[in-house]
Amino acid sequence: MNLFSFQNVNKIYPPYFKALININLEIKEGDFIILTGSTGAGKTTLLKLLYREEKPTSGEIFYKNISYSELKTRQFNQLRQKWGIIFQDYKLFPDLSVYENIKISLILSGKKFKNMKIFIYEYLERFLLAHKAQKKIKELSGGEQQKVGVIRALIRDPEVLIADEPTGNLDPDSIKEILQILKEFHNKGKTIILATHDPIIINQKLGKLIRLKQGELINNVELFE
Amino acid sequence: MWSYLSRLELKNSLIYYLFLLIFFFFWNFFSLFTIYLYTNFQKIADIYKNRVYLNLIIYSQKSDNTTVTNLVNNLKQLLHVKKVEVFPPEKIFQKIKNSLPSEIFKNYKKNEIINYFPYVVKIYPTSFKSYSLLKNQLQLLKSSNNKIDIYEAKISKMVNFAFVLKPGFFCFFIIWIVFYILFLLFFNYFLNSFLDKQIQIFILLGGSLNNFKIIRLFFISAFSSIAFITSTILFLYIANNLSNIFNITKLTQSSSYFLFSNNLFNIFIYYILTILVFPAIIIWFSYKKYEN
Ligand SMILES: Nc1ncnc2c1ncn2[C@@H]1O[C@H](COP(=O)(O)OP(=O)(O)OP(=O)(O)O)[C@@H](O)[C@H]1O
Ligand SMILES: [Mg+2]
């Protein structure tokens with residue numbers, strides 16, 4: 001069974017910009033999908049449709065053969081709790097601290113922890129961010145914010161990871177750390193959908209490479225495995 | 001989590017909540033005050049309901065006594081008349097002679113003065129409701145007789161006004177409540193668009209809208225309750241002073257404190273509606289757009 005599938009999905013941004021054209025795509029459980037394509041190709045749009053920040057103009061998206069249009073808000077929320085999403089524009093709460101932003105994510109994921117604080121600090125340590133834990137998001141640099149966005153999603157140990165350019169602003173060490181975690185996830189059989197044009201990641205040849213060009217899927221899916 | 005949500009909700013929008021507080025303070029004060037004025041007015045009107053009357057003033061020479069008697073007899077035959085009292089010029093003179101300037105008495109004799117005075121006929125209607133019917137009849141009479149004038153007593157005017165006021169007051173109060181509901185709508189939609197970004201983030205992290213709705217209701221109720229309590233205390237203080245100044249307490253034989261505690265159930269309903277039910281419905285409504 002497909003975890004996700006897109007059937008003839010089109011996305012037109014009003015008034016008439018075609019961001020995605022007739023997308024057909026199947027994602028299986030445990031897949032590692034790398035979505036690439038030049039700037040403006042529609043990668044973010046495709047991911048937004050996947051986590052339902054946007055709705056398709058036509059066509060249908062399915063989660064385990066259930067159409068998104070049949071999933072109620074509450075049901076979809078419960079799905080999102082099990083997912084980790086890294087947004088290209090970070091989407092952090094600017095007035096809360098690093099620690100609080102991550103904690104909210106963990107609380108919403110519904111996971112129980114003996115000592116959440118230590119767990120969060122360990123993760124922050126891994127990304128050399130522990131000393132900024134009590135700083136507010138708006139007091140961080142762009143790269144630091146991106147790290148928080150990444151940690152917030154990864155720390156949930158999600159069943160599905162949707163990552164939109166998670167490495168855009170990061171230094172090589174952090175990218176290595178993220179790659180390490182992605183590989184761990186992949187080995188644990190989790191589903192990963194990653195949009196990037198970072199050659200470091202693409203050259204790792206981790207999963208299926210899918211290319212978007214001006215809103216269209218180019219039909220040469222490269223299998224690295 | 002609730003502490004985070006509270007901070008997200010309040011952090012940047014405290015000023016708008018203070019605005020809500022001030023708005024509700026005045027809205028509530030004005031509501032209570034109009035109800036106070038209205039009920040007291042109606043109470044007083046009720047007390048005087050059976051004492052309404054119309055004055056008919058008849059300008060007639062003393063010798064012309066028979067016309068007056070005839071007229072009075074005719075009046076007694078009218079449909080809505082309960083009682084007729086005739087005050088001849090002498091009586092009127094007796095009543096007001098002390099307030100007349102003394103020069104008059106130097107220049108004129110008493111009889112001469114009395115000659116200038118009219119007959120006054122007090123006409124009581126059978127019931128308050130027939131008051132205006134009676135008035136119409138008398139107006140007809142007046143148009144055929146130029147020696148007659150109608151004079152509405154102040155009390156009658158007031159009672160009549162109270163009667164007319166009733167539907168007007170209910171209309172006004174409904175508009176007043178609609179105004180409050182519109183304000184709540186505006187407040188919630190404004191706050192939603194102000195906090196739109198963080199609502200979106202929270203939803204994308206898997207958070208439930210209900211959490212936001214509960215937090216919003218909690219804060220609206222909390223701020224409104226503070227406004228409710230303070231403005232109600234201010235109202236009671238002012239109303240009680242006013243009642244004492246105008247002797248309303250004596251007249252209606254109930255103090256405004258007593259009135260208030262006697263209506264605790266109504267006030268409880270009013271409180272629940274304005275501070276919990278209306279906001280809850282409107283909050284629920286305003287978050288609709290975040291649902292798929
Ligand atoms: N909300 C929107 N309204 C209108 N047009 C949009 C909107 N969002 C994206 N677009 C357009 O859709 C196209 C695809 O955008 P998208 O963000 O999906 O590109 P991308 O592949 O993620 O690019 P990048 O690599 O720069 O992140 C772009 O040309 C963009 O201008
Ligand atoms: Mg993008």
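What is the handedness of the crossing of helix 10 of chain B and helix 13 of chain B? The crossing is right-handed. This report describes a predicted model, beginning with that helix pair.

## Helix packing in chain B

Two packed helices are described by the angle between their axes and the distance between the axes. For helix 10 (residues 209-245) and helix 13 (residues 264-286) of chain B, the axes come within 10 Å and cross at roughly 150°. On the side of helix 10 of chain B, the contact is made by Lys213(B), Arg216(B), Leu217(B), Ile220(B), Ser221(B), Ser224(B), Ser225(B) and Phe228(B). Helix 13 of chain B contributes Ile267(B), Tyr270(B), Tyr271(B), Ile275(B), Leu276(B), Pro279(B), Ala280(B), Ile283(B) and Trp284(B).

Helix 10 of chain B also takes part in covering the buried residues of helix 1 of chain B. In helix 1 of chain B, which spans residues 2-10, the buried residues are Tyr4(B), Leu5(B), Leu8(B), Glu9(B) and Leu10(B). Their cover further includes helix 2 (14-48), helix 8 (154-194) and helix 9 (196-204) of chain B, together with helix 3 of chain A.

## Magnesium site

The magnesium ion (ligand 2) has two protein donors, OG1 of Thr44(A) and OE1 of Gln88(A), which lie 1.8 to 2.2 Å from the ion. Thr44(A) belongs to helix 1 (residues 43-50) of chain A, whereas Gln88(A) is in the loop between strand 6 (83-86) and helix 3 (98-109) of chain A, so the pair ties together parts that are 44 residues apart in sequence.

Both donor residues are partly exposed: Thr44(A) has a relative accessibility of 23%, and Gln88(A) one of 40%.

## Salt bridges

Over all chains, the structure holds 16 salt bridges. One of them joins Glu53(A) to Lys91(A), with the closest N and O atoms 3.6 Å apart. This pair links distant parts of the chain, 38 residues apart: Glu53(A) is in the loop between helix 1 and strand 4 (58-63) of chain A, and Lys91(A) is in the loop between strand 6 and helix 3 of chain A. Glu53(A) is partly exposed, with a relative accessible area of 27%, while Lys91(A) counts as buried at 14% relative accessibility.

A further salt bridge is formed by the side chains of Arg126(A) and Glu184(A), at 3.5 Å from N to O. Because Arg126(A) lies in helix 4 (residues 116-126) and Glu184(A) in helix 6 (residues 172-187) of chain A, the pair ties together parts that are 58 residues apart in sequence. Arg126(A) is partly exposed at a relative accessible area of 32%, and Glu184(A) is partly exposed with a relative accessible area of 32%. In chain B, Lys83(B) and Glu85(B) form a salt bridge whose closest N and O atoms are 3.5 Å apart. Salt bridges that share partners also join Glu53(A), Asp89(A) and Lys91(A) into one network.

## A buried lysine without a salt bridge

Side chains of opposite charge can pair when their charged atoms come close. Lys147(A), in helix 5 (residues 142-154) of chain A, is buried yet has no salt bridge. Why is there no salt bridge for Lys147(A)? The nearest side chain of opposite charge, Asp171(A), is 4.3 Å away, whereas a salt bridge requires the side-chain nitrogen to be within 4 Å of a carboxyl oxygen.

Leaving aside neighbours within four places in sequence, Lys147(A) is in contact with Phe127(A), Leu129(A), Leu170(A), Asp171(A) and Ser174(A).

How values were computed: Residues numbered from 1 in each chain as written. Chains lettered and ligands numbered in written order. Predicted model: local features only at pLDDT ≥ 70, side-chain atom pairs only at ≥ 80, totals over all residues. Heavy atoms only, no water. Helix = DSSP H or I, 4+ residues; strand = E, 2+ residues; numbered from the N terminus. Buried < 20%, exposed > 50% of the residue type's maximum accessible area, 1.4 Å probe, protein only. Lys, Arg positive; Asp, Glu negative; His and termini not counted. Contact = heavy atoms within 4.5 Å. Donors = N, O, S within 2.8 Å, 3.2 Å for Na, K, Ca; no water. Axes fitted to C-alpha atoms, helices over the stretch in contact; angles between N-to-C directions. Left-handed = near helix turned anticlockwise from the far one by under 90°.
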